[in-house]
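Reader: I am new to this structure and would like a close look at a single part of it. Could you take one helix and then follow its surroundings outward, step by step?

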Amino acid sequence: MSEPSTSAEELRTARLWLRRPAETDVDAILAVHSAPEACAHNPSDALTRHEEAEELYRRWDRQWARHGYGYWVVGRHGRAGQLGFCGIKPMELHGEPVLNLFYRFAPSAWGQGFAAEAATAVTAWAAAHVPDLALIARVRPANTASQRVAERAGLTRAPHLDTEGYDGFDWIYVARPERWAP
């Protein structure tokens, strides 16, 4: 479905482009993260002010500078505007270093398979370019749409890894479950 490029800064799929965020994306960051539906399951991620979106962009940019990867801006080939964001960030799960798969899209982009397509591209890129870190997704039990995205991207539910998260209990999905056998 997707073919990761050799550059981390841009990925392409059949319908989508994914590129490293730029300062010009701050308005899109605010638009997506201020949509109540987009942050319903992760209220601590909600933004209300332009300055918050600027700081979030700066955090994303620092991660890119430090690791050479991060969150990508996602859009459609031949169309203006951003659909949302998808990417990976290093973190720890139960004391182990992992990559967390993130996806958040504007509600107007929901239900069209964009998040799954982008997450599949990012999962493939991570497997090829950062194979030593396990890839996980943290999903709220009530967020069935996000669960479907994780599964379509090739991740498998790992209930023995479930844990308390920033905004409540997280169900954990893993890309290579054999690494996390109970």
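Author: The model shown here is a predicted one, and a good place to begin is helix α1, which spans residues 26-33 and is mostly covered, since six of its eight residues are buried. Those buried residues are V26, A28, I29, L30, V32 and H33, and the elements against which they pack are α2, β5 and β6.

Two of these partners, the strands β5 (84-93) and β6 (96-105), are joined by a loop in which H94 has its place. The backbone of H94 deserves a pause, for its phi is near 50 degrees, a positive value in a residue other than glycine. As a general matter, most residues other than glycine have a negative phi. H94 is partly exposed, because its relative accessible area of 46% falls between the 20% under which a residue counts as buried and the 50% over which a residue counts as exposed.

From the packing partners of α1 the view can also be turned toward the largest pocket, where about 1,100 Å³ of space lies. Its lining includes at least two residues from each of α2 (50-67), β6, α3 (114-129), β7 (134-139) and α4 (144-152). In total 44 residues line the largest pocket, and those that lie nearest its centre are A38, N42, F102, Y103 and R104. Sorted by character, the lining of the largest pocket is made up of 20 nonpolar, 11 polar and 13 charged residues.

How values were computed: Residues are numbered from 1 along each chain as its sequence is written. This is a predicted model: local features need pLDDT of at least 70, side-chain atom pairs count only at pLDDT 80 or more; totals for chains, interfaces and linings use all residues. Side-chain values use heavy atoms; hydrogens and water are left out. Helices (H or I, at least four residues) and strands (E, at least two) are DSSP runs, numbered from the N terminus. Buried means under 20% relative accessible area, exposed over 50%, partly exposed in between (1.4 Å probe, protein chains only). On a 1 Å grid over the protein atoms alone, a cavity is a set of points where a 1.4 Å probe fits but cannot get out, and a pocket is an open set with protein on both sides within 12 Å along at least five of seven lines; lining residues have an atom within 4 Å of a point. Grid points are joined across faces, edges and corners, and a volume is the space filled by probe spheres set on the points. Ala, Val, Leu, Ile, Met, Phe, Trp, Tyr, Cys and Pro count as nonpolar, Asp, Glu, Lys and Arg as charged, and the others, Gly among them, as polar. Contact means heavy atoms within 4.5 Å.
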